[in-house]
Amino acid sequence: MDRAKLSGLAFALSTALLGTIALTTWQPATDAATLADSGISPTHAATCDVRFSPVCIVIAADAGIAVSRYERITFPVYFQTDGGSADAVLPPNIPVSAPGEERCVQVMRWGSCAMVPCGAAPATCALWGAAMPFATVQRPCVRQRADAGLPCPRALADGGSVDFGDLNVFPRSSAVDPAQCESVECAVFAGDNPNTDL
Amino acid sequence: MVLILVGLLLGQTAVHEGTYVPSADRPDRQQKADYRAYTRGSGRSGAASAFSLQFAVAGGAGMKNACDCTAITGTRGEVLTMTRASTATCTKTQASSGGGLTLTGIANGDLVTCSSNQPRVEWASNGVRGLLTEYSATNSALWSQAINTAPWVDEIGTGGTAPTLSGADAATDPYGNLTAEWYTFAATAGTQNSARAQPSASIGVWSAGVYVKGQAGSGTMDICLQTGAGTASCAACNYVSGSWTRCAVSGVTSVAAGSVYIGNMTAFNGGTARAANSVYISQVDVQNYPYITSPIPTTTVSVTRAQENASFPVVNGVTSQGSAAATFSPMTANYGGSTAWGPTLVNGSTARFMYFGTTMAMYDGTNNPTLSFGTLTYNTPKRFASNWFGTTMNMYNITDSTSFTSAFTGTMTPGTALDIGSSTQMGAISGDGITTSVCLDSNPLRCR
């Protein structure tokens, strides 16, 4: 799929680095059937950290999917590489934001997304034409629960542990007992309030 | 004078405000010779400009004061659209003190937070106000402006003395707020450390930075990133008392949960003894980047500055011929082979007047010539130009006096916008640095 043809079916949203590959992300301007007629169907399942806009949190809730402002989600993409560049076409039904408004689903950093072929993630790729074409997955960080009174110590390399501080976020993998902690995303965009947005 | 004469010869009546006036260096002479040969051969004469855009030029037409964080335009009011999904820090340090990329001479309140989608105008070190653009980065150091707060802890090595918090929120910080901590790091020698530390980085290439000001004098301390059990990569931090210095250690391959250390780190710095240091500390960054970018304040969680894009509306009139030029002040002397840097002037995915990866390049959809951008120097402006006409595309490294000529299809296909500094229309080309003196014109001789 060359870029000129892609431009007729979608509009470029953003660019990013995926490893050493220059990635352009595209938002479809047409439906799944038209995309399929043009040879665009999902090739991979992407798992990324994202920020949902307030409007889309409501849209997702209306569709029966509860999401917070920051989530890790998995979703299907059409992904094609060409030398040092790549194109990723998002699912067609992700709501399009008005110009100047916050994007419905903003990928925090494409370079930290995990991409697997659809053959290894058929359930995710089957969401391509769905109204809400994503599923949430385990958030990768934790913090002390604000009001549960439970400790959430962080394990140290020497075998000990340390109280990491109230509400301070650290990787879930280094929690002594993740079940005692609140699962959260690992980062927010600058300007957002972690106490209310995480 | 040279430019005025050329303009008159081409039937133009005025030099645009702030137009770059080149010295008599080789690429400029070559540029003229190339085009004159073409016009003689084709029987054409230079036409008046059908399109002309200048942006961030000397004199500042269309620009606002540094870090005003309000809309800016080209010299004729052309609206620049900025897109960034997060806030970002702007540095308004004057050019006389090194400009927005300076690491020294930073005054209280020089750092300003711009809201989402707001441009960051900063002084380049040559006295021209330009546009700072950066790729996305994340600061993983929690409580970046409160190193007296958990999860920050003391680091003493073997036999060292813990640092003393001489005063919390004791001084005005570079953002103009009363948050800077006053710490006294004890003298260290041998295996001793006296520092504050926090596990922040994961496996990969990281950089760390901190703003330091002497409480009563100048001195030298350390900033380090952990590279293994009991090992770290450190940089000496030379501070003064009259202004803030941003110290940094860059391109460190960190370990999982690698710590950042701020203070006296003799045990890890190669054994260099340190005298006691009484300093104000503010804004620590541990960024997932081979060099330190603009500071990103944090509290309880890592914070990401989103990638930004700057663009003017679609450009026509430069399809068959034109010229482009820009001056770029790099954020590092070594971009590490990254494909994400440079002053990009792109008008669609197949009309790339000037873009940068490992080299400077142009692209008309078929021809993709490249030219070395030569040696980069941190915070030192470097100028590049290009033009295209007839069957020829030329690239000029004005600063280094090098050039390259390629075939041209005759058509630069217009896109949806003219991207400056970074591009939404092609791969991850993103200018980490300040772009100034941008010129795009349908006249192949206008932009130099």
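**Exercise 1.** In what order do the strands of the open sheet of 7 strands in chain B follow one another, and which pairing do they show?

*Solution.* The model is a predicted one, and in it the strand order of this open sheet in chain B reads β2-β19-β28-β21-β22-β23-β24, with antiparallel pairing. The next step is to look at the edges, where β2 (81-84) and β24 (370-371) of chain B each have a single partner strand, so one side of each has no neighbour in the sheet. A further step goes inside the order, where strand β19 (residues 308-313) of chain B pairs with strand β28 (residues 417-420) of chain B in the antiparallel sense over 3 bridges. Within this region B:F312 stands opposite B:L418 in β28(B).

**Exercise 2.** Classify the aromatic pair formed by A:F164 and A:F170, and describe the surroundings of A:F164.

*Solution.* A search of the whole structure gives 9 aromatic pairs over all chains. One of them joins A:F164 and A:F170, with 5.2 Å centre to centre and 65° between the planes; because an angle over 60 degrees counts as edge-to-face, this pair is edge-to-face. A:F164 is buried, at 4% relative accessible area, and A:F170 is buried as well, at 1%. Finally, A:R154 lies over the face of A:F164, at 4.8 Å from the ring centre.

**Exercise 3.** Classify the pair of B:F353 and B:W388, and locate both residues in chain B.

*Solution.* The centres are 4.6 Å apart and the planes form an angle of 5°, and the pair of B:F353 and B:W388 is stacked. B:F353 belongs to strand β22 (residues 352-356) and B:W388 to strand β25 (residues 382-389), so the pair ties together parts that are 35 residues apart in sequence. Both B:F353 and B:W388 are buried.

Terms used:
Residues are numbered from 1 along each chain as its sequence is written. Chains are lettered from A and ligands numbered from 1 in the order in which they are written. This is a predicted model: local features need pLDDT of at least 70, side-chain atom pairs count only at pLDDT 80 or more; totals for chains, interfaces and linings use all residues. Side-chain values use heavy atoms; hydrogens and water are left out. Rings of Phe, Tyr and Trp (its six-membered ring) pair if their centres lie within 6.5 Å; planes under 30 degrees apart count as stacked, over 60 as edge-to-face and the rest as tilted. Buried means under 20% relative accessible area, exposed over 50%, partly exposed in between (1.4 Å probe, protein chains only). Helices (H or I, at least four residues) and strands (E, at least two) are DSSP runs, numbered from the N terminus. A charge sits over a ring if NZ of Lys or CZ of Arg is within 6 Å of the ring centre and within 35 degrees of the ring normal. Two strands pair if DSSP finds at least two bridges between them.
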